[in-house]
Amino acid sequence: MKKYLEGALERTLRTFDGVPDDFTIEISVPANPDHGDLSTNCALKLARYLRRPPHSIAEQVVEIYREHHHDPFYIDSVTIAGGGFINFRGSPSYLYQELESCLQLDMDFGRSDLGHGQTALVEFVSANPTGPLTVGHGRNAVLGDTSANLLEWSGYQVTREYYFNDAGRQMRVLGASVRSRYEQVTAEPDQPFASEPRAITHRQHYQTKSIAGADQTSVTVSHTFPEDGYLGEYITLIARDLAEQHGVDLLDAETDNLFEQAAKSTIFSEIQSTLERLGISMDIYFNEKSVYETGAVSDVLKSLGDQKMTYEKDGATWLRTSELGKQTDTVLVKQTGEPTYRLPDIAYHMDKLKRGYDLLLNIFGADHIDTYPDILRALDVLGLDADRIHVIIYQFVTLTRNGQEVKMSTRKANFITLDELINEVTPDVTRYFFIMRSAQKHLEFDMDLAREANDKNPVFYLQYAHARICSIVRKASEVGLEMDPSIESLQRLIHDAEIALIKEILHFPETVMSCAQTYEPHRLATYLRSLAEAFTKFYHSCRILGEATEIAQSRMALAHATAITLRNGLSILGISAPIRM
């Protein structure tokens with residue numbers, strides 16, 4: 001209906017003198033359903049060009065539309081409201097045909113060819129393998145996966161990618177942290193360790209026995225726990241595993257490489273396991289080390305230098321971002337010779353662009369809001385099409401319990417892991433709560449509400465609506481009642497609650513497509529809530545079981561269409577649609 005109206009109004013406005021060639025016709029859903037199904041403000045927007053009152057322009061638009069472009073199959077009536085809004089009400093014939101289409105499409109209802117023939121790479125999570133995923137990573141994960149689902153439903157061929165950041169200082173600190181714990185474990189294998197480590201002085205001697213229980217031997221411990229080392233029980237557990245496997249044999253290791261590799265392998269395996277619990281599976285794990293090994297990082301630095309976009313100052317290499325719209329220049333290589341994360345990130349995004357994807361979508365936390373533009377600026381300088389890159393910036397998460405914020409500190413390992421959250425509130429609830437608010441807004445994750453098993457919990461409300469429909473279908477089948485999805489049957493649906501539910505169902509395909517275009521997956525969660533509310537009103541106003549056979553069959557078809565829409569919408573959100581609760 002919206003597509004038809006856009007074309008009809010465009011043809012109508014061609015008959016006007018003074019309408020700009022680039023004039024955009026905006027069509028929206030009125031806030032008050034009494035005003036109609038669709039509305040346009042084109043008369044108000046044209047007033048500045050035509051120098052006439054909006055209401056006068058609206059009258060002319062409606063007159064020409066009715067005379068030359070009105071199609072009664074789509075539009076039943078046209079009215080003018082307020083200062084010049086033009087409102088349209090859909091025809092029953094259109095509503096019934098689209099409802100029939102929903103029933104026929106079933107699992108494909110809501111899919112579109114918006115991105116047909118195009119490819120998209122969605123990079124998300126990309127947490128450093130230095131510790132378990134936290135609730136902050138959880139929001140990133142769900143935003144990324146749901147955005148990928150929306151793109152797939154809109155016809156894109158989607159690849160999910162995790163940027164595996166296993167290079168740099170944080171990995172060396174990780175290895176040193178595990179080594180320190182390993183030395184403590186082998187020195188005192190039966191002693192528990194608190195989250196705050198006890199410092200080990202340089203070359204302190206311990207009488208040590210192996211974990212396997214061998215005789216005591218004198219060993220030298222020469223490794224101090226890093227001042228900014230990683231805390232938490234997970235570091236000690238990795239150290240204990242190494243002690244189980246190697247006893248005290250690693251105490252004389254010349255480097256921390258083995259400790260770093262063991263930690264990286266263990267932690268990343270747990271990260272993958274956590275993501276799988278949320279139904280998230282990556283197609284590619286891109287290794288950061290590869291951009292160093294292939295020489296891509298060196299090539300980026302040389303190319304920027306060749307274009308006179310870098311300079312040396314205070315022993316560091318700087319990018320002239322002040323010439324690219326930023327107030328200050330940006331360090332690419334520190335005084336120590338170690339690159340800042342921007343340099344390998346530029347190389348990584350060069351690689352992504354060269355792989356030929358039509359769309360590159362990145363999910364970043366709010367701490368990247370001032371830094372990711374540096375990457376885009378550098379790519380522009382290097383002659384690459386940075387316009388293909390889109391970024392979702394999400395705000396951080398606060399957990400509350402009993403109305404109080406749950407205090408967390410990553411530095412002190414005093415945080416709630418994503419696994420712990422899933423254990424407490426289930427994967428479905430975790431996913432929904434992370435996606436139900438705009439990414440641009442701070443998210444308050446209410447643990448008490450998330451644990452509710454009633455209509456107060458928005459996930460329960462949606463799933464219960466689907467389960468209720470499945471229950472109705474089962475009970476109807478028991479008495480030999482089946483739905484009738486024919487147009488003749490659907491035309492019996494004339495009650496206000498029935499029409500309102502049909503219209504809500506028909507918003508689904510455009511909602512999916514719009515969410516994919518604007519990268520706003522939270523709007524789908526909002527839509528599903530409205531759909532469930534419309535079904536609840538229908539259910540309380542229009543009986544199915546116990547009614548005359550024909551009307552019961554028609555309402556069964558409407559209920560089934562609602563179930564299709566709820567199931568498809570929940571599947572995009574990565575949430576189950578139970579048939580019993």
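Contact here means heavy atoms within 4.5 Å.

**Figure 1. Overall chain of the predicted model.** Among contacts between residues at least 6 apart in sequence, 72% join residues at least 24 apart. The chain has 581 residues, of which 51% count as buried. Its secondary structure comes to 21 helices and 17 strands. The C-alpha trace spans about 95 × 70 × 40 Å along its principal axes. About 27200 Å² of the chain is exposed, and carbon and sulfur atoms supply 47% of that area.

**Figure 2. Close-up of helices α13 and α14.** Helix α13 covers residues 418-425 and helix α14 covers residues 427-435. Their axes come within 7 Å and cross at roughly 110°. Because angles of 65 to 115 degrees count as roughly perpendicular, α13 and α14 are roughly perpendicular to each other. On the α13 side, L418, L421, I422 and V425 make the contact. On the α14 side, the contact is made by P427, V429, T430 and F434. By class, the contact of α13 with α14 has 7 nonpolar residues, 1 polar residue and no charged residues.

**Figure 3. Close-up of C42.** C42 has a relative accessibility of 1%. Buried means under 20% relative accessible area, so C42 counts as buried. The count of disulfides comes to 0.

**Figure 4. Close-up of C470, with C102.** C470 is in no disulfide. The cysteine sulfur nearest to C470 is that of C102, 14 Å away; a disulfide requires a pair of cysteine sulfur atoms within 2.5 Å. The relative accessible area of C470 is 17%, and C470 is therefore buried.

Definitions and conventions. Residues numbered from 1 in each chain as written. Predicted model: local features only at pLDDT ≥ 70, side-chain atom pairs only at ≥ 80, totals over all residues. Heavy atoms only, no water. Axes fitted to C-alpha atoms, helices over the stretch in contact; angles between N-to-C directions. Helix = DSSP H or I, 4+ residues; strand = E, 2+ residues; numbered from the N terminus. Parallel < 35°, antiparallel > 145°, perpendicular 65-115°, else oblique. Nonpolar A, V, L, I, M, F, W, Y, C, P; charged D, E, K, R; others polar. Buried < 20%, exposed > 50% of the residue type's maximum accessible area, 1.4 Å probe, protein only. Areas by Shrake-Rupley, 256 points an atom, 1.4 Å probe, with all protein chains shown as cover.
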